[in-house]
Amino acid sequence: MQTIPPARQPGKPESACNSLLEAALEYAAQGWRVFPLHNPTSAGCSCQKPDCNNSTGKHPRISNGLKGASLDASRIRGWWAKWPDANIGVATGPGSGVFVLDVDGAKGQASLGALEPVMNLG
Ligand SMILES: [Zn+2]
């Protein structure tokens, strides 16, 4: 698994560098289509919907969601100029070259443990 740290721009003050934007641009540069997500705030979720408890900071800010994901640096810069704190969504699945295996809690660990010998993981 490859993990990409957010980019830092040497010589630039931290306030002039949006690491979320830089990370989104790096993901796109390697072919991962990205889109902006809402983000957690001190009051809950940036969408400000009281019924957002189960998806705080995990749902799209753009109306077409992952279908609007893009590799276009100009579009990505526009999104993070509008929402500097947006979490980064990555379109996964067929055609993206990216898949995600989300292992949540003890039940997820047990499921992964059952998969490892079958899938020759680890
Ligand atoms: Zn929300």
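The paragraphs below lead through the fold of this protein chain, taken from a predicted model.

The protein chain holds three helices and four strands. Read from the N terminus, these elements follow one another in the order α-β-β-β-α-β-α. The chain has 122 residues, of which 16% are buried. Of the contacts between residues at least 6 apart in sequence, 55% join residues at least 24 apart.

The walk begins with helix α1, which spans residues 19-29. Its buried residues include Leu 21, Ala 24 and Ala 28. These three lie on the same side of α1, because the arc they cover around the axis is only 65°. The cover over the buried residues of α1 includes strand β1 (34-37), helix α2 (73-82) and strand β4 (87-90). Just after α1 comes Gly 31, whose phi is positive at about 95°.

Next is strand β2, made of residues 40-41, in which Thr 41 lies. Thr 41 is classed as partly exposed because 13 other C-beta atoms fall within 10 Å, and the partly exposed class sits between the cut-offs of 12 or fewer for exposed and 20 or more for buried. Along the chain, Thr 41 is 44 residues from Asp 85, and the C-alpha atoms of the two are 9.6 Å apart.

Strand β3 (44-45) is followed by the loop that leads to α2, and Gln 48 is placed in that loop. Gln 48 has a positive phi of about 65°, although it is not a glycine. Most residues other than glycine have a negative phi. Gln 48 counts as exposed because it has 10 C-beta neighbours inside 10 Å.

Helix α2 has a buried side and an exposed side. Ile 76, Trp 79 and Trp 80 are buried in α2. They cover an arc of only 90° around the axis, so they are on the same side of α2. Ser 74, Ala 81 and Lys 82 are exposed on the other side of the helix. The partners against which the buried residues of α2 pack are α1 and β1.

How do the two helices α1 and α2 sit relative to each other? Their axes come within 10 Å and cross at roughly 155°. Angles over 145 degrees count as roughly antiparallel, and α1 and α2 are therefore roughly antiparallel to each other. The crossing is right-handed. On the α1 side, the contact is made by Leu 20, Leu 21, Ala 24, Leu 25 and Ala 28, and on the α2 side by Ala 73, Ile 76, Arg 77 and Trp 80. The residues of this contact comprise eight nonpolar, no polar and one charged. Leu 21, Ala 24 and Ala 28, buried in α1, are thus among the residues that α1 brings to the contact with α2. Ile 76 and Trp 80, buried in α2, also belong to this contact.

The loop between α2 and β4 contains Ala 86. Is Ala 86 buried or exposed? Ala 86 counts as buried because it has 24 C-beta neighbours inside 10 Å, where the cut-off is 20 or more. Leaving aside residues up to four places away in sequence, Ala 86 touches Leu 20, Pro 36, Leu 37, Asn 39, Arg 61, Trp 79 and Trp 80. Asn 39 is 47 residues from Ala 86 along the chain, while their C-alpha atoms are separated by 5.5 Å. The list of residues that Ala 86 touches also includes Trp 79 and Trp 80, two of the buried residues of α2.

After β4, the chain runs through a loop to helix α3 (105-119), and Gly 95 is found in this loop. Gly 95 counts as exposed because it has 8 C-beta neighbours inside 10 Å. In sequence, Gly 95 and Trp 32 are 63 residues apart, and in space their C-alpha atoms are 10.0 Å apart.

Methods:
Residues numbered from 1 in each chain as written. Predicted model: local features only at pLDDT ≥ 70, side-chain atom pairs only at ≥ 80, totals over all residues. Contact = placed C-beta atoms within 7 Å. Arc of directions from axis to C-beta. Axes fitted to C-alpha atoms, helices over the stretch in contact; angles between N-to-C directions. Parallel < 35°, antiparallel > 145°, perpendicular 65-115°, else oblique. Left-handed = near helix turned anticlockwise from the far one by under 90°. Nonpolar A, V, L, I, M, F, W, Y, C, P; charged D, E, K, R; others polar.
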